[in-house]
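Dear colleague,

I am handing over a structure that you have not worked with before, and the notes below set out what was found in it. Please read them with the sequence and the model open beside you.

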Amino acid sequence: MTTRLELPSHRETVRQKVSIGGRNLYLDVGFYQDKRPGEIFIVVEKSGDTERFLLDHVARMTSIAIQYGAPLDELMEGWLFTKGKIAGPVVGHEHIKFATSALDFVARHILLTYFGRADLASVKEPT
């Protein structure tokens, strides 16, 4: 049986706020002491109960999966290009300018920021 690597009770967390199709999304990423992501939280303003419930539980299940050793980058690959109600132009992110869903945005942000997947950026870094 695999052991769960729980996060320390006091940990660093980074919040990314963006607007997707006019709706604010907050993505919180909590880190282990070695700076690896160990949990994620997704909150979307003005979302319905079902939408809020599903996003919250998908984030919780993903957090538990990575704490048990599932590779976060592979989990995020499965979220790319998913379609949802929360979609459209992204405002507030330096490199991501469009998302097909909230999960698509989260996957792009995490893969770009923590795994160096520059191919997922709408706006490339200057060379």
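**What was found**

In this model, which is a predicted one, E51 lies in helix α1, the helix that covers residues 49–67. With a relative accessible area of 18%, E51 is buried, because buried is the word used for anything under 20%. The side chain of E51 is joined to that of R23 by a polar contact of 2.8 Å, and when residues up to four places away in sequence are not counted, E51 touches R23, K85 and I86.

One of those partners, K85, belongs to the loop between α2 and β4. K85 is exposed, its relative accessible area being 76%. From C-alpha to C-alpha, K85 is 9.6 Å from S47, although 38 residues separate the two in sequence.

**The strands β2 and β3**

A second group of findings concerns D28 and F41. D28 is found in strand β2, which runs over residues 23–31, whereas F41 has its place in strand β3, made up of residues 37–44. D28 counts as buried at 14% relative accessibility, while F41, at 34%, counts as partly exposed.

The side chain of D28 makes a polar contact of 2.7 Å with the side chain of R15. Setting aside residues up to four places away in sequence, D28 touches T13, V14 and R15, and also E39, I40 and F41. Seen from F41, with neighbours within four places in sequence again left aside, the contacts are Y26, L27, D28 and A59. The C-alpha atom of F41 is also separated by 8.5 Å from that of G30, a residue 11 places away along the chain.

**Two residues with positive phi**

Most residues other than glycine have a negative phi, and for that reason two loop residues are worth pointing out to you. K35, in the loop between β2 and β3, has a phi near 80°, a positive value in a residue that is not glycine. F81, in the loop between α2 (72–77) and β4 (88–91), likewise has a positive phi, here near 65°. Both residues are exposed, with K35 at 52% relative accessibility and F81 at 53%.

**R108 in helix α3**

F81 comes up again in the surroundings of R108, which lies in helix α3, residues 102–115. At 12% relative accessibility, R108 counts as buried. What does R108 touch, if residues up to four places away in sequence are not counted? The contacts are L80, F81, I96, F98 and L120. With L120 there is a further detail, in that the side chain of R108 reaches the backbone oxygen of L120 at 3.2 Å. As for I96, its C-alpha atom is separated by 7.6 Å from that of R108, the two being 12 residues apart along the chain.

**The protein as a whole**

Having gone through single residues, I can now set them in the overall picture. The secondary structure of the protein amounts to three helices and five strands, which follow one another along the sequence in the pattern β-β-β-α-α-β-β-α. The radius of gyration is 14 Å, close to the 14 Å given by the globule rule for 127 residues, so the protein is as compact as a globular protein of that length. Taken along the principal axes, the box filled by the C-alpha atoms is roughly 45 × 40 × 25 Å.

Of the 127 residues, 43% count as buried, and E51, D28 and R108 are each described as buried. Among contacts between residues at least 6 apart in sequence, 48% join residues that are at least 24 apart. The accessible surface of the protein comes to about 7400 Å², with 56% of it belonging to carbon and sulfur atoms. Finally, the protein has 16 positive and 16 negative charges, and the mean positions of the two sets are 5 Å apart.

If you would like a place to begin, I would suggest the polar contact between the side chains of E51 and R23, followed by the one between the side chains of D28 and R15.

With best wishes

Terms used:
Residues are numbered from 1 along each chain as its sequence is written. This is a predicted model: local features need pLDDT of at least 70, side-chain atom pairs count only at pLDDT 80 or more; totals for chains, interfaces and linings use all residues. Side-chain values use heavy atoms; hydrogens and water are left out. Helices (H or I, at least four residues) and strands (E, at least two) are DSSP runs, numbered from the N terminus. The radius of gyration is taken over C-alpha atoms; the globule rule is 2.2 Å times the number of residues to the power 0.38. Buried means under 20% relative accessible area, exposed over 50%, partly exposed in between (1.4 Å probe, protein chains only). Contact means heavy atoms within 4.5 Å. Accessible areas come from the Shrake-Rupley method with a 1.4 Å probe; for residues, only the protein chains shown count as cover. Lys and Arg count as positive and Asp and Glu as negative; His and the chain ends are not counted. The place of a charge is taken as NZ of Lys, CZ of Arg, CG of Asp or CD of Glu. A polar contact is a pair of N or O atoms within 3.5 Å; within protein, one must be able to donate a hydrogen and the other to accept it, and residues adjacent in sequence count only if both atoms are side-chain atoms.
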